[in-house]
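Reader: I am a first-year student, and I would like to look closely at a single part of this structure. Could you take me through one helix and what lies around it?

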Amino acid sequence: MLAAVTTKYGPPNVLKLMELSCPKPKPNEVVIQVRASSVTAADTLMRSGTPYFGRLFLGILKPKKSVSGTGFAGKIEAIGSKVSAFKIGDSVFGETVFGFGSNAEFTCVPQDGLIMKMPEHLSFNAAATICDGPLTSMNFLKRLVDIKAGQRVLINGASGSLGTAAVQLAKYYGAHVTGVCSLSNDSLVRSLGADQVIDYAKVDFTKTNLVWDIIYDTVGKSSFSMCKSALTPNGIYLSPVLDGTLCSMFWTSMFGKKKAKFSATGVLPKAVLKQLLFEVRNLIKTGKLDIVIDRRYRLDRIVEAHQYVEGGHKKGNVVLEGYVPDQNY
Ligand SMILES: NC(=O)c1ccc[n+]([C@@H]2O[C@H](COP(=O)([O-])OP(=O)(O)OC[C@H]3O[C@@H](n4cnc5c(N)ncnc54)[C@H](OP(=O)(O)O)[C@@H]3O)[C@@H](O)[C@H]2O)c1
């Protein structure tokens, strides 16, 4: 099978397409013929090996897992002798988490891992990205702060993967939503449900007279201290980007009513992730949550896909399509 392999940390061109043997399932594993896999902002950080503390999990000198990619969608190709949750031919999606290996024609995951049957109407491309923005923003807005109807919520980076999901989730839970994005993404963010849109090139949202109960900076361009005056007295600042947030999180956990919060979604217990993913899948099934797809690349264009994602201007999600002929994406 063809797979994108990285044997060292570095720029996008460390990714090489190689012919590898197909994975064989252990008794509790399934092999998936990958129809689509995601290329995420987190993937580009893991490929470059930055920030350096991430290497404690990924491998100190080089990646422990050589085949890149985490999000996937495809069809079950083979099952291990003890698999009962899935059968050959099922359409599934999920994330390999620190197992990696989704940027390939086939990947192997445990049946009790982060894998679920796909909602019927959904494309493989959309399904492959669910565990990035949608799952992460569900974790932040629902699990971490239990967003409530009527709250004023600001989403910075509203046009990204986490942002496009966050705007829709916040709206679904009944919040008043302000999206912050560039002018070129204004109509996209409004179409996802934002009540108000701020163009970050013209207005610094931290310096208006407006205040929010939740500021979710999905792209980590601000900090708790910058946003403090834009929070209501019990307001919460959320960031999925660790830079600086850890210190504010520690400090505000002890002092003051305004809080800063961070969570690393991928390291949450499997049962917690699965519950969140069920909720996300139900919202997608019932048409409450849409997946925004920006560019699609063939697997052999993975270097270009990483270059594009690393540029920091994608709209929603980027996917790699598999090699299966005549498939309907
Ligand atoms: N902690 C966790 O569990 C977790 C999980 C997944 C991802 N993450 C992290 O979350 C971060 C966001 O990921 P993502 O995939 O959502 O990002 P992304 O899709 O790469 O974000 C790109 C978007 O951000 C917008 N943007 C760029 N500069 C901006 C600015 N100054 N103000 C407002 N918007 C701006 C861009 O719009 P324009 O083109 O208009 O500028 C673009 O649409 C990444 O750092 C990722 O590693 C964390």
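Author: What follows is a close look at helix H4 and its surroundings. The model is a predicted one, in which local features need pLDDT of at least 70 and side-chain atom pairs count only at pLDDT 80 or more, while totals for chains, interfaces and linings use all residues. Residues are numbered from 1 along each chain as its sequence is written.

Helix H4 spans residues 133-144, where helices (H or I, at least four residues) and strands (E, at least two) are DSSP runs numbered from the N terminus. Of its 12 residues, 9 are buried, a residue being buried if 20 or more other C-beta atoms, placed from the backbone, lie within 10 Å of its own. Among these buried residues are Gly-133, Leu-135, Met-138 and Phe-140. Their cover includes helix H5 (161-172), strand S11 (212-217), strand S12 (231-238), helix H9 (270-285) and strand S15 (317-321).

With H9, H4 packs at an angle of about 105°, the axes being 9 Å apart; axes are lines fitted to C-alpha atoms, for helices over the stretch in contact, and angles run from 0 to 180 degrees between N-to-C directions. H4 is therefore roughly perpendicular to H9, a term that covers angles of 65 to 115 degrees. On the H4 side the contact is made by Pro-134, Leu-135, Met-138, Asn-139 and Arg-143, and on the H9 side by Leu-276, Leu-277, Glu-279 and Val-280, with contact meaning that two C-beta atoms, placed from the backbone, lie within 7 Å. Just after H4, Asp-146 takes a positive phi of about 45°.

Notes:
Angles under 35 degrees count as roughly parallel, over 145 as roughly antiparallel, 65 to 115 as roughly perpendicular and the rest as oblique.
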